[in-house]
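Work through the following exercises with the sequence and the 3D structure at hand. Try each task before reading its solution.

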Amino acid sequence: MISLSSDQIVDLFFRFAAVGQLLLLAILAFKQTSVLQRCAQSFLIVTAISYLLLTAPIEDHHYGLLRRPLLLFTDLSATAILLFAYTQLKPDLPFSHYPKWAIWLLGLWSVLMCYFFLFTTANHPLHDINHAVGLILLMITLFLGISGYQDDLIDARRKFRLILVIGCALYMGILTVFELSISSIKDHWLFSLCNSASVLAATSFAAFRIVKRTEIATELSQKEIKLTPTSSANNPMLSALQALMDAEFYTRSNLTIALLAQELGVPQHQLRQLINQSLGYSNFSHFLNSYRIPAICAQLQDPKFRQTPILTLALNMGYGSIASFNRAFKQQMKITPTEFRDQF
């Protein structure tokens with residue numbers, strides 16, 4: 001029989017309330033358009049529920065056979081956060097374009113974790129190694145969220161980078177540090193209570209935002225609102241932007257949305273909104289590539305530039321390195337710059 005104090009009962013109430021919120025998010029996850037997004041969000045929710053149940057103020061022997069799978073999914077939480085962040089920040093990226101080496105590495109590590117947690121009984125250093133791997137994955141998640149922040153033209157996704165990715169990564173990072181070093185704190189009833197309350201607050205906020213966003217999307221679809229591109233004649237800012245790009249301002253090296261906004265004399269958020277809503281670009285790099293790649297294609301076809309190294313053409317067009325240029329060129333043209341030039 002389980003005997004609980006009043007603070008433990010409150011702790012369990014917070015945890016089961018958070019589990020209910022997470023189950024609601026799991027249901028809403030199936031409204032995602034991408035199968036990868038649905039799978040990643042469901043995986044993250046399972047790891048969060050496992051963590052809440054595993055760290056409840058209950059003795060380990062009361063879990064029985066359920067303890068092993070809960071421990072497995074809890075230790076895979078950092079992997080789930082990284083996959084969730086990647087699918088949310090790159091929603092249009094097909095599965096075939098995901099880094100193959102990263103998929104194989106994460107897959108093999110997950111299989112190893114399954115074997116360790118489900119089929120071995122001895123205390124193994126692999127458990128502590130997994131915490132170190134989790135910290136590395138969380139740092140990768142932080143880098144993924146921060147590195148593309150300035151380049152992102154969608155305000156909702158920029159907020160997602162700040163609130164969800166960085167917030168979840170920092171939260172799980174703090175928990176991992178406690179797990180590795182400060183056992184006296186993590187085992188204290190007050191830490192457990194604060195932990196469950198903070199998770200409940202986070203899941204409630206996430207559920208509210210997602211439900212609100214779903215309601216707005218439903219309302220817009222019912223009204224059948226159709227957005228049409230804004231013509232440059234009706235928008236002086238768009239006219240100025242197009243004139244500036246026609247003057248080959250895109251060839252500036254290290255060109256950012258901030259520099260472009262400064263040149264136009266407009267606030268950054270207005271320029272992001274203009275490029276996103278009027279021109280249809282969700283990423284500033286894609287907007288620049290829409291000018292740079294066709295210009296380089298013209299040079300690769302021109303006999304005058306036949307002896308000019310591709311690296312020189314890329315640097316003159318504003319690219320910072322040959323690697324970033326090759327990646328952008330192949331993504332848009334489906335072949336390498338050398339293969340494109342050899343056609344002529």
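**Exercise 1.** Find the helix that holds Leu118, and decide how far this residue is open to solvent.

*Solution.* Leu118 lies in helix α5, which spans residues 100-119, where helices are DSSP runs of H or I with at least four residues, numbered from the N terminus. Leu118 has a relative accessible area of 34% and is therefore partly exposed, a class that falls between buried (under 20%) and exposed (over 50%), judged with a 1.4 Å probe and protein chains only. Together with Tyr115 and Phe119, Leu118 makes up a nonpolar patch on the surface, with about 350 Å² of accessible area in total. Such a patch joins nonpolar side chains (Val, Leu, Ile, Met, Phe, Trp, Tyr) within 5 Å, from residues with over 30% relative accessible area and no salt bridge, and the areas come from the Shrake-Rupley method with a 1.4 Å probe, for residues counting only the protein chains shown as cover.

The model is predicted, so local features need pLDDT of at least 70 and side-chain atom pairs count only at pLDDT 80 or more, while totals for chains, interfaces and linings use all residues. Residues are numbered from 1 along each chain as its sequence is written, and side-chain values use heavy atoms, with hydrogens and water left out.

**Exercise 2.** Locate Leu76 and list the residues that it touches beyond four places away in sequence.

*Solution.* Begin with the loop between α3 (67-75) and α4 (77-89), which is the place of Leu76. Leu76 is buried, its relative accessible area being 5%. Leaving out residues up to four places away in sequence, its contacts are Phe43, Thr47, Ser110 and Met113, a contact being heavy atoms within 4.5 Å. Leu44 is 32 residues from Leu76 in sequence, yet their C-alpha atoms are 9.0 Å apart in space.

**Exercise 3.** How many salt bridges does a search of the whole structure find, and which residues are linked in a network?

*Solution.* The search finds 3 salt bridges, each a side-chain nitrogen of Lys or Arg within 4 Å of a carboxyl oxygen of Asp or Glu. One of them joins Asp11 and Arg15 at 2.8 Å, N to O; these residues are 4 apart in helix α1 (residues 6-29), so about one helical turn separates them. Next, Asp152 pairs with Arg157 at 2.8 Å, N to O, and with Arg161, where the closest N and O atoms are 3.1 Å apart. Asp152, Arg157 and Arg161 are thus linked in a network of salt bridges. Asp152 counts as buried at 0% relative accessibility, and Arg161 counts as buried at 6%.

Notes
Helix = DSSP H or I, 4+ residues; strand = E, 2+ residues; numbered from the N terminus. Patch = residues over 30% accessible without salt bridge, like charges linked within 9 Å, V, L, I, M, F, W, Y side chains within 5 Å.
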